[in-house]
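User: Hi, I have just opened this one and have never looked at it before. Could you walk me through it?
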Amino acid sequence: MNKTELIEHISTKADLSKADAGRALEAFIGAVKTTLKKKGTVTLVGFGTFAVTERAARIGRNPRTGEEIKIKKARVPKFRPGKALKDAVN
């Protein structure tokens with residue numbers, strides 16, 4: 001499912017126009033981005049938790065040449081699914 005299909009699904013299920021569903025989805029995505037940028041977490045009970053973790057700096061290898069390269073430390077977003085989501089998938 002892509003973003004357009006998700007907007008269509010939301011508009012059908014919530015009885016909203018596609019424009020309203022699109023704005024709602026954009027607001028949700030914006031809220032998650034803003035919270036993660038501030039090193040916070042977003043928890044949706046039964047669905048899952050969005051969080052940020054720190055990845056340490058490390059040495060990697062260029063696959064073409066085999067030479068070592070330095071990879072900087074980074075903050076990366078993570079998603080941990082909730083029990084209800086895991087149960088729905090299985």
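User: Before anything else, what kind of model is this?

Analyst: This is a predicted model, so every value I mention is computed from it, under the condition that local features need pLDDT of at least 70.

User: Okay. How many helices and strands does the protein have?

Analyst: The secondary structure comes to 3 helices and 5 strands, and reading along the sequence you meet them in the pattern α-α-β-β-β-β-β-α.

User: And what are its dimensions along the principal axes?

Analyst: The C-alpha trace spans about 55 × 30 × 25 Å along those axes. The radius of gyration of the protein is 18 Å, whereas a compact globule of 90 residues would have one near 12 Å.

User: What share of the residues is buried?

Analyst: Of the 90 residues, 17% count as buried. The protein exposes about 7,400 Å², and carbon and sulfur atoms supply 57% of that area.

User: What about contacts between residues 24 or more positions apart?

Analyst: Such pairs account for 30% of the contacts in the protein, taking those with a separation of 6 or more.

User: Switching to charges: how many positive and negative ones are there?

Analyst: There are 20 positive and 9 negative charges in the protein, and the mean positions of the two groups are 9 Å apart.

User: How many salt bridges does that give?

Analyst: The count comes to 5 salt bridges. As a general matter, side chains of opposite charge can pair when their charged atoms come close.

User: Let's take Lys18, then. Which side chain does it meet in a salt bridge?

Analyst: The partner of Lys18 is Glu8, at 3.7 Å from N to O. Lys18 lies in helix α2, which covers residues 18–37, and Glu8 lies in helix α1, residues 3–13, so the pair ties together parts that are 10 residues apart in sequence.

User: Is Lys18 buried or exposed, and what about Glu8?

Analyst: Lys18 counts as exposed at 52% relative accessibility, while Glu8 is partly exposed, with a relative accessible area of 40%.

User: Which residue does Asp20 pair with?

Analyst: Asp20 forms a salt bridge with Arg23, and their closest N and O atoms are 2.3 Å apart. Both residues are in helix α2, and because they are 3 residues apart there, about one helical turn separates them. Asp20 is partly exposed, with a relative accessible area of 34%, whereas Arg23 counts as exposed at 52% relative accessibility.

User: Now further along the chain, what does Glu68 do with Arg61?

Analyst: The side chains of Glu68 and Arg61 meet in a salt bridge, at 3.5 Å from N to O. Glu68 is exposed, its relative accessible area being 52%, and Arg61 also counts as exposed, at 55% relative accessibility.

User: New topic, backbone angles. What is the phi of Asp15?

Analyst: Asp15 has a positive phi of about 55 degrees although it is not a glycine. Asp15 sits in the loop between α1 and α2, and at 72% relative accessibility Asp15 counts as exposed.

User: And what is phi for Lys39?

Analyst: For Lys39, phi is near 65 degrees, which is a positive value in a residue other than glycine. Lys39 is found in the loop between α2 and β1, the strand at 42–44, and Lys39 is exposed, with a relative accessible area of 58%.

Key: Residues are numbered from 1 along each chain as its sequence is written. This is a predicted model: local features need pLDDT of at least 70, side-chain atom pairs count only at pLDDT 80 or more; totals for chains, interfaces and linings use all residues. Side-chain values use heavy atoms; hydrogens and water are left out. Helices (H or I, at least four residues) and strands (E, at least two) are DSSP runs, numbered from the N terminus. The radius of gyration is taken over C-alpha atoms; the globule rule is 2.2 Å times the number of residues to the power 0.38. Buried means under 20% relative accessible area, exposed over 50%, partly exposed in between (1.4 Å probe, protein chains only). Contact means heavy atoms within 4.5 Å. Accessible areas come from the Shrake-Rupley method with a 1.4 Å probe; for residues, only the protein chains shown count as cover. Lys and Arg count as positive and Asp and Glu as negative; His and the chain ends are not counted. The place of a charge is taken as NZ of Lys, CZ of Arg, CG of Asp or CD of Glu. A salt bridge is a side-chain nitrogen of Lys or Arg within 4 Å of a carboxyl oxygen of Asp or Glu.
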